[in-house]
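Visitor: I am new to this structure and would love a close look at a single part of it. Could you take me through the salt bridges, with a little background on the chain they belong to?

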Amino acid sequence: MVEGVRALVGAGALVQVVAPWLCEELEELAVAGELGWSARDYAGPTDLADAWFVVVGTGDAATDDSVRADALAARVWCLDAALRGAGT
């Protein structure tokens, strides 16, 4: 997933990560100001406000399901990094 985030940032995307912790590589990007980081668990549809593309890959099936359902309801593109073909 780090490579995908780097590619999005490199393409000029405004990336916001919602996660209680980050791997070292993503934390470095956050500290450098190259991406935003909300250091907490997913809070629901409000976390998708202003998004047009979401990548989910928490490793927790219930959370991933919630993100996908919320993205679908909000008509936001969603890619589930864990499930091939489970996106909107």
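Guide: Helices and strands here are DSSP runs, of at least four residues for a helix and at least two for a strand, numbered from the N terminus. Read along the sequence, this predicted model follows the pattern α-β-α-β-β-α-β, with three helices and four strands in the protein chain. The chain has 88 residues and a radius of gyration of 12 Å, which agrees with what a compact globule would have.

Now to the charges. The protein chain carries 5 positive and 14 negative side chains, and the count of salt bridges comes to three.

Let us start with Arg68. The side chain of Arg68 meets that of Asp65 in a salt bridge, at 2.5 Å from N to O. Both residues sit in helix H3 (residues 61–74), and because they are three residues apart, about one helical turn separates them. Buried means under 20% relative accessible area, so Arg68, with 17%, is buried. Asp65 counts as partly exposed, at 39% relative accessibility.

Arg68 also meets Asp80 in a salt bridge, at 2.5 Å from N to O. This pair links distant parts of the chain: Arg68 belongs to helix H3 and Asp80 to strand S4 (residues 77–80), 12 residues apart. Asp80 is buried, with a relative accessible area of 3%. Through shared partners, salt bridges join Asp65, Arg68 and Asp80 into one network.

Another salt bridge brings together the side chains of Arg40 and Asp47, at 2.6 Å from N to O. Here Arg40 counts as partly exposed, at 34% relative accessibility.

Conventions:
Residues numbered from 1 in each chain as written. Predicted model: local features only at pLDDT ≥ 70, side-chain atom pairs only at ≥ 80, totals over all residues. Heavy atoms only, no water. Rg over C-alpha atoms; globule rule 2.2 N^0.38 Å. Lys, Arg positive; Asp, Glu negative; His and termini not counted. Charge placed at Lys NZ, Arg CZ, Asp CG, Glu CD. Salt bridge = Lys/Arg side-chain N within 4 Å of Asp/Glu carboxyl O. Buried < 20%, exposed > 50% of the residue type's maximum accessible area, 1.4 Å probe, protein only.
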